[in-house]
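Welcome! Have a look at the sequence and the fold below, and then let us walk through them together.

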Amino acid sequence: MKRTLLSLIALSLLLFAAAAQADFFGERTYLRIEAPSVEDRTVLANLGFSIDYVNLEEGYLTAWVPNDLLPKIKELGFLYESPVVDTKDFPANYAPYHNYNEQLTALQDLNTQHPEITDLFTFGQTVEGRNLWCLKISANPLQDDPSLPAVVIVAEHHAREILTPEVALYTATQLVEGYGTDEKMTAYVDNHEIYVITTLNPDGSLFDIQGGSFHMWRKNRQVNAGSACLGVDLNRNYGYKWGGVGSSGMACADTYHGTAAFSEPETAALRDLVNAHANITTILSLHSHAKLVLYPFGYTYEHIADQIDYYTHKTLAEYMAAETKFTPTQSSGLYLTTGDTMDWAYGVKGIISFTFELGPSQLDVTGFYPKPSFIEPSCQAAFNAIDVLIGFSSEPSYVLATNVWKFTAEYKAPDAAVLKWASVRETRPQGWKVLRAETEDGDYQAVNDGFIQPNQAAYEYTDEGLEAGQTYYYLLHYEGTGQNDVDFGPVSVEVPGADDDDASPADDDDNDDNDSADSGTADDDDNDDEGGCGC
Ligand code: 0X9
Ligand code: ZN
């Protein structure tokens, strides 16, 4: 097809008018169109649809074309066919990303290799009948333990946000594979229930990569009655102030809120999962792309009324943002919306809630589809922030003081106790004191002079001169700014009696409920309502 420059310009103008009239919200067909010259491709591009792929050698392109443009394309003399689209794989150069099936395989592998700390279960079905999968990670995964803090990490409400399942999968892998080798990951798994959902929108995300190219799809794949447009925005469908500002009642809109709160099986499934676990203290919803850490509310510019909750969100967001070099802000600082996950989770359930808008920045052209080299650094940075979230999930308001993920006491012959601890992050630090008493509810007194200086990666303090045959109880006191002081523990140590021939505490028969080498973990009987270890 050869055209003169003039006729090309005239035609382009004509086609621009056609493009403006086309129904870009209506049904589309996947086409392979023969277009060997750049002029041909320009004519097609000027019709207003986006070209997904160009094969220069073979002279064709592929695109999702609004149906009402098909006669026009034929009239212009282009040859096209509609190949059967059954691939649901990423474009070849995006192969390192995990589609729905690959996520499931990766989750199954984690579950098969570590069945003692994982449970892989479905918690609902999508509009198109796919299973929604959740990996629960905890020391006793088949049994819920309401006394442990639970954390939910949920990815991919929005189909095109392909980096988000990678972060969820990376998080699960770090926790599961670090168990038994990394001391902190082990403490996290032993003392929490962590629910990881790598995608809440598999229908949408599989559609987004259909045909091996990206379609910038955001919503789920709901068939909307009375409309040719598919999909509901899952992040406008939650039941708090549903249907208000920042959401649309038009089925064709990208922010369509659906017919009712929780009209979508995907959001209803997440609601039910959360409702079924009253021990959930924190929720993180992963989105992209703007490099932000967001916290509620999104429906109003007003701050959360409860001052502790407000500052807990704000401070945790600041610490997580420091790990990722993101910007922390209340979500309405971005724009007002209603019906998102966080507003419901905090507004209705009182759960401390965050949204990460992962990188790249809003200005980056790769946008929702960053190159695979972006995956690893993004996951590492996000996981450092998730580490902070898990670390504070036992009592999020400790972020206003500090929290520990380890506090142990061990007997050291002949007459000492060695206390070891590590904090998640020290905030407004003054320092630490080790307090000791001779009964669990006794009169605890500091054993160190002044403060043990803060900001060390790991702490160790040896308390010497203990009496043989005596049990000692220890609290760890963190001095905040006065109202933010917090005590962890107690943990205990039993010093063997002078005539004990075996100093090994674990073998000591009189030592029934308080082993001398007390781990001080959250499921420890000694460690009840005293603040506990932050593990
Ligand atoms: O608009 C959304 O749903 C989220 N951004 S995204 O680009 N991933 O679509 C942000 C929701 C946060 N809530 C408010 N801004 N209110
Ligand atoms: Zn999103």
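Before we start, one definition will help: a helix and a strand are in contact when heavy atoms of the two lie within 4.5 Å of each other. An angle between a helix and a strand is taken between their N-to-C directions and runs from 0 to 180 degrees. Keep in mind, too, that this is a predicted model.

**The eight-stranded sheet**

With that in hand, look at helix α11, residues 375–392. Helix α11 lies across β7, β8, β9 and β12, and its direction makes an angle of about 175° with that of β12. Helix α5 (residues 163–178) lies across β5, β6, β7, β8, β9 and β12. Its angle to β9 is about 135°.

What is the order of the strands in the open sheet of eight? Following the sheet across, you meet β5-β6-β8-β7-β9-β12-β10-β11, with mixed pairing. At the edges are β5 (118–125) and β11 (327–330), each of which pairs on one side only. From one strand to the next, the twist averages 20°.

You can zoom in on one pair here. Strands β6 (residues 131–137) and β8 (residues 193–197) run antiparallel and are joined by three bridges. Leu135 has Val196 in β8 as its bridge partner.

**The three-stranded sheet**

There is also an open sheet of three strands, in the order β13-β14-β17, where the pairing is antiparallel. Why is one side of β13 and of β17 left without a neighbour in the sheet? β13 (402–412) and β17 (459–463) stand at the edges and each has a single partner strand, so one side of each has no neighbour there. Ignoring direction, neighbouring strands of this sheet are turned by 20° against each other on average.

Ten bridges join β13 to β14 (residues 416–426), and the two run antiparallel. Within this pair, Lys406 stands opposite Ala422 in β14. Helix α6 (residues 183–190) packs on the sheet and touches β13 and β14, with its direction at about 105° to that of β13.

**Around ligand 1**

Now turn to the ligand. Which residues come nearest to ligand 1? Of the 15 residues around it, they are Arg218, Arg236, Tyr335, Thr337 and Glu357. The shell divides into three nonpolar, seven polar and five charged residues. Here are some polar contacts to find on your screen:

| Protein side | Atom of ligand 1 | Distance |
|---|---|---|
| Arg236, polar side-chain atom | oxygen | 2.8 Å |
| Ser288, backbone N or O atom | nitrogen | 3.2 Å |
| Glu357, side-chain N or O atom | nitrogen | 2.6 Å |

On its own, ligand 1 has 410 Å² of accessible area, and the protein covers 94% of it.

**Backbone details worth a look**

Most residues other than glycine have a negative phi, and most peptide bonds are trans. A few places in this chain depart from that pattern. Glu156 is not a glycine, yet its phi is positive, about 55°. You will find Glu156 in the loop between β7 and α5.

Where is there a cis peptide bond? One joins Pro296 and Phe297, with omega of about 5°. Phe297 sits in the loop between β10 (292–295) and α9 (307–324). Another cis peptide bond joins Gly489 and Pro490, with omega of about 10°. Pro490 belongs to strand β19, residues 486–494.

Technical notes:
Residues numbered from 1 in each chain as written. Chains lettered and ligands numbered in written order. Predicted model: local features only at pLDDT ≥ 70, side-chain atom pairs only at ≥ 80, totals over all residues. Heavy atoms only, no water. Near = heavy atom within 4 Å. Polar contact = N/O pair within 3.5 Å; in protein donor to acceptor, adjacent residues only side chain to side chain. Areas by Shrake-Rupley, 256 points an atom, 1.4 Å probe, with all protein chains shown as cover. Nonpolar A, V, L, I, M, F, W, Y, C, P; charged D, E, K, R; others polar. Pairing = 2+ DSSP bridges. Helix = DSSP H or I, 4+ residues; strand = E, 2+ residues; numbered from the N terminus.
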